[in-house]
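Student: I would like to learn how to read the features of a protein model step by step, with a general idea before each case. Could you take me through one?

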Amino acid sequence: MRTISIYLTLILIALLVQITTAQDQHSDKIVELKEQKDQITLQEKEALKTEIEEINQRLDKQQLNSDEAKKLKEASAKKRALNIENRIAIIDNEIALLERNDGEILELENEVSILEDGVGISINVGDEPWTFFERKKPIKYDRRTYSDFVFAFGLNNALIDEESLEDTPYKIGGSRFFEMGWAWRTRVFKNSNFVRLHYGFSFQFNGLKPENNQYFVSNGDQVELQDFEFDLDKSKLRMDNLVFPMHFEFGPSKLTENENSIRYSLDNQFRIGIGGYGGFNMGTRQKLKYDNAGDSVKEKLIGGYNTTNFVYGLSAYAGIEGVLLYLKYDLNPIFKNAAVEQHNISLGLRFDL
């Protein structure tokens, strides 16, 4: 009888130890879950901060307007708030389940789940997970194409066969060009942004101001400069072109990478573009302003200057971000059938906005 009593006492002690251990594990699990609630809030707030920063970057690049950015920020904040609410509710329910059942929760022997870090099936057999296949989610690269408004201006002149630029009959500072258009920038390689194709359309306005009181006159199929009979206050020939530029653009970009996406940025990055353009002359006009017997006269003479209809040339630019030094040169002569060929050349600043 004494031996039986000892055995019963030992069994009772073992049961008490097991119950105490289970209670401690139950208590530790609840403490861990409560700590997770605080971590959830911090995690979702950090994710919201990252999303807001990405939206602001897109706003700075004018990929979004202020209303679109505001709506995206509100949607992101709403999503993160609901995430916090739902995830905390899940943990509160788990805590309630543990407390109600003193930590003893029935579990399915075979549980099929979708892996959080990819696509696949994991089956729990007892306490051991068995993964049948797993495929990581593909990283989402930045979109291939962006667009910019192009604006350029600067000095304009002409290179004349067998003459230097110093001998040009046009005013160096008075002859100017202006250009505006729209351009698209496409990443050539899927997983690299070092080489880009820059293309679009532009309206070019090239002006030439003759020196020494001269103006342009058409004699048959020849266009030449002649002295004007009155003192000219202004003499300017302007050629309006529609062209389609295309450049290969090179330069580094700022890389932003996380688990799900890769973004490229040209903020404060050097870039250089080399290429050309082709298009059409939409019209040529000459403006004259002079005094005739005390009367101020303004004349606008349109057409009849035998300028080349199809224009094409080479161009290049280099600079930081959207502020660039810009050079273009027409391979076509300014005037058709000219005894001495002249080619328009421009140097200035270009802005990709």
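Tutor: What follows is a walk through the chain as a whole, its aromatic rings, one loop serine and two backbone angles.

Student: What kind of model is this, and how many helices and strands does the protein chain have?

Tutor: This is a predicted model, and the secondary structure of its protein chain comes to two helices and 17 strands.

Student: What share of the residues counts as buried, and what share of the contacts joins residues 24 or more positions apart?

Tutor: Of the 353 residues in the protein chain, 32% count as buried. Among the contacts with a separation of 6 or more, 64% are between residues 24 or more positions apart. The accessible surface of the protein chain is about 22400 Å², and carbon and sulfur atoms account for 56% of that surface.

Student: How is a pair of aromatic rings described?

Tutor: One gives the distance of the centres and the angle of the planes. In this structure there are 18 aromatic pairs. For Tyr-170 and Phe-216, the ring centres are 6.0 Å apart and the planes stand at 20°, so this pair is stacked, given that planes under 30 degrees apart count as stacked.

Student: Which parts does the pair of Tyr-170 and Phe-216 tie together, and are the two residues buried or exposed?

Tutor: Because Tyr-170 lies in the loop between strand E5 (145-160) and strand E6 (176-189), while Phe-216 belongs to strand E8 (residues 214-219), the pair ties together parts that are 46 residues apart in sequence. Tyr-170 is buried, with a relative accessible area of 1%, and Phe-216 is buried as well, at 3%.

Student: How are the rings of Trp-184 and Phe-201 arranged?

Tutor: Their centres lie 6.4 Å apart and their planes are at 45°, so the pair is tilted. Trp-184 is in strand E6 and Phe-201 in strand E7 (residues 192-208), and the pair therefore ties together parts 17 residues apart in sequence. Trp-184 counts as partly exposed at 31% relative accessibility, and Phe-201 is partly exposed with a relative accessible area of 32%.

Student: Which residues do ring pairs link into a cluster, and where does the charged end of Arg-350 sit?

Tutor: The cluster consists of Phe-151, Phe-153, Phe-178, Phe-205 and Phe-351, linked by ring pairs. As for Arg-350, its charged end sits over the ring of Tyr-317, 4.5 Å from the ring centre, and Arg-350 also lies over the face of Tyr-326, at 5.6 Å from that ring's centre.

Student: Where does Ser-175 lie, and with which residues is it in contact?

Tutor: Ser-175 lies in the loop between E5 and E6 and is buried, with a relative accessible area of 0%. A polar atom of the Ser-175 side chain is 2.9 Å from the backbone oxygen of Lys-171. Leaving aside neighbours within four places in sequence, Ser-175 is in contact with Gly-154, Leu-155, Asn-156, Tyr-170, Gly-207, Leu-208 and Lys-209; one of these, Tyr-170, is the residue whose ring is stacked with that of Phe-216.

Student: Why would a positive phi deserve a remark?

Tutor: Because most residues other than glycine have a negative phi. Here Asn-212 has a positive phi near 60°; Asn-212 is placed in the loop between E7 and E8 and is exposed, with a relative accessible area of 64%. Asn-337, which is not a glycine, has a positive phi of about 60°; Asn-337 is found in the loop between strand E16 (323-330) and strand E17 (342-352), and at 55% relative accessibility Asn-337 counts as exposed.

Note on methods
Residues numbered from 1 in each chain as written. Predicted model: local features only at pLDDT ≥ 70, side-chain atom pairs only at ≥ 80, totals over all residues. Heavy atoms only, no water. Phe/Tyr/Trp six-rings, centres within 6.5 Å; stacked < 30°, edge-to-face > 60°. Helix = DSSP H or I, 4+ residues; strand = E, 2+ residues; numbered from the N terminus. Buried < 20%, exposed > 50% of the residue type's maximum accessible area, 1.4 Å probe, protein only. Lys NZ or Arg CZ within 6 Å of the ring centre and 35° of its normal. Contact = heavy atoms within 4.5 Å. Areas by Shrake-Rupley, 256 points an atom, 1.4 Å probe, with all protein chains shown as cover. Polar contact = N/O pair within 3.5 Å; in protein donor to acceptor, adjacent residues only side chain to side chain.
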